[in-house]
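Got the model open in your viewer? Let's walk through it one selection at a time.

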Amino acid sequence: MVKKKYYVVWVGRQSGIFESWEDCSEQVSGYPKAVYKSFKTKELAEQAFKSESKEFIGKDIVETELTSEQIALIGEPIKDSISVDGAWNTETGVVEYQGVHTAKGNTLFKVGPMEDGTNNIVEFLAIVHALAYCKQQNLKLPIYSDSRNAIGWVKNKQARTKLDRSDKNEKLFELIDRAIKWLKENEYDNLILKWETKAWGENPADFGRK
């Protein structure tokens, strides 16, 4: 039996996630400098589409399907927590991010839209914003993000973006500078945790635009 694949098209006649090679081929065949890649799971395809193609093209990415036993081992997310997520319009480059209470679903903060960004940048800013929010409110809530890259950036206290700074995205880079400065000048006790989409479904802070 042939296993199902999901095809991410970053650059083509139409960008998006396609569930058959035929649909994907219509977008990329004969299209100059088309950028696309297949994935075994929808979850990783969605993550890839929200990110920059260079993070996935030409790299060996291990994809696994979770069994019921694995899901049981992961357990349930901590309800009293903050979930953050970012959104990136691949056509316009406009980005935004938000944080919500994981169990209640109420929006705690939302920033954007801002021009000429990337998903990794707003995912990073969302985590730092949540940390600053918790410090201001004297909260020690765990913070969930579905971006491993953003979590790594926060841990290393630097934004490893290759996006060029310009007049168009100056506001965004000012936020990056402030976030890095905050991380270097502040301590925090909040856990920063990976939202396990495969086990729990979509991040509560997801913008729902897939």
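**First stop: helix 1 and its sheet**

Select G30, just after helix 1: it takes a positive phi of about 80 degrees. Helices (H or I, at least four residues) and strands (E, at least two) are DSSP runs here, numbered from the N terminus. Before going on, note that residues are numbered from 1 along each chain as its sequence is written. This is a predicted model, where local features need pLDDT of at least 70, side-chain atom pairs count only at pLDDT 80 or more, and totals for chains, interfaces and linings use all residues; side-chain values use heavy atoms, with hydrogens and water left out.

Now step back to helix 1 itself, residues 21–28. Which of its residues are buried? Pick C24, S25, Q27 and V28; buried means under 20% relative accessible area, exposed over 50%, and partly exposed in between (1.4 Å probe, protein chains only). Look down the axis of helix 1: the buried residues fall within an arc of 160 degrees, so they line one face of the helix. That arc is taken from the directions from the helix axis to the C-beta atoms. On the other side of helix 1 you'll find E22 and E26, both exposed.

What do the buried residues of helix 1 pack against? Show strand 1 (6–11), strand 2 (16–18) and strand 3 (35–39), with contact meaning heavy atoms within 4.5 Å. These three strands form an open sheet in the order 2-1-3, with antiparallel pairing; two strands pair if DSSP finds at least two bridges between them. Strand 2 and strand 3 stand at the edges, each with a single partner strand, so one side of each has no neighbour in the sheet. Five bridges join strand 1 to strand 3, and V8 sits opposite K37 in strand 3.

Add helix 2 (residues 42–50), which lies across strand 1, strand 2 and strand 3 at about 5 degrees to strand 1. Helix 1 lies across these strands too, at about 10 degrees to strand 1. For such angles, axes are lines fitted to C-alpha atoms (for helices, over the stretch in contact), and values run from 0 to 180 degrees between N-to-C directions.

**Second stop: the five-stranded sheet**

Next, bring up the open sheet of five strands, order 6-5-4-7-8, with mixed pairing. Its edge strands are strand 6 (107–114) and strand 8 (192–194), each pairing on one side only. The twist averages 20 degrees from one strand to the next. Strand 7 (residues 143–145) runs parallel to strand 8, and three bridges join them; find I143 opposite I192 in strand 8.

Helix 4 (residues 119–137) packs on the sheet, touching strand 4 (82–88), strand 5 (95–101), strand 6, strand 7 and strand 8. Helix 5 (residues 148–156) lies across strand 7 and strand 8, at about 160 degrees to strand 8.

**Last stop: the core and N120**

Select I82, V84, Y97, M114, F124 and L125: of the 33 residues in the largest nonpolar core, these touch the most other members. Such a core is a set of buried Ala, Val, Leu, Ile, Met, Phe, Trp, Tyr and Cys residues joined through side-chain atoms within 4.5 Å. Its largest share, 11 residues, comes from helix 4. Apart from it lies another core of nine residues, including F39, L44, A48 and F56.

Finish on N120 in helix 4. Is N120 buried or exposed? It's buried, at a relative accessible area of 2%. Leaving out residues up to four places away in sequence, N120 touches E52, E55, S147, N149, A150 and W153.
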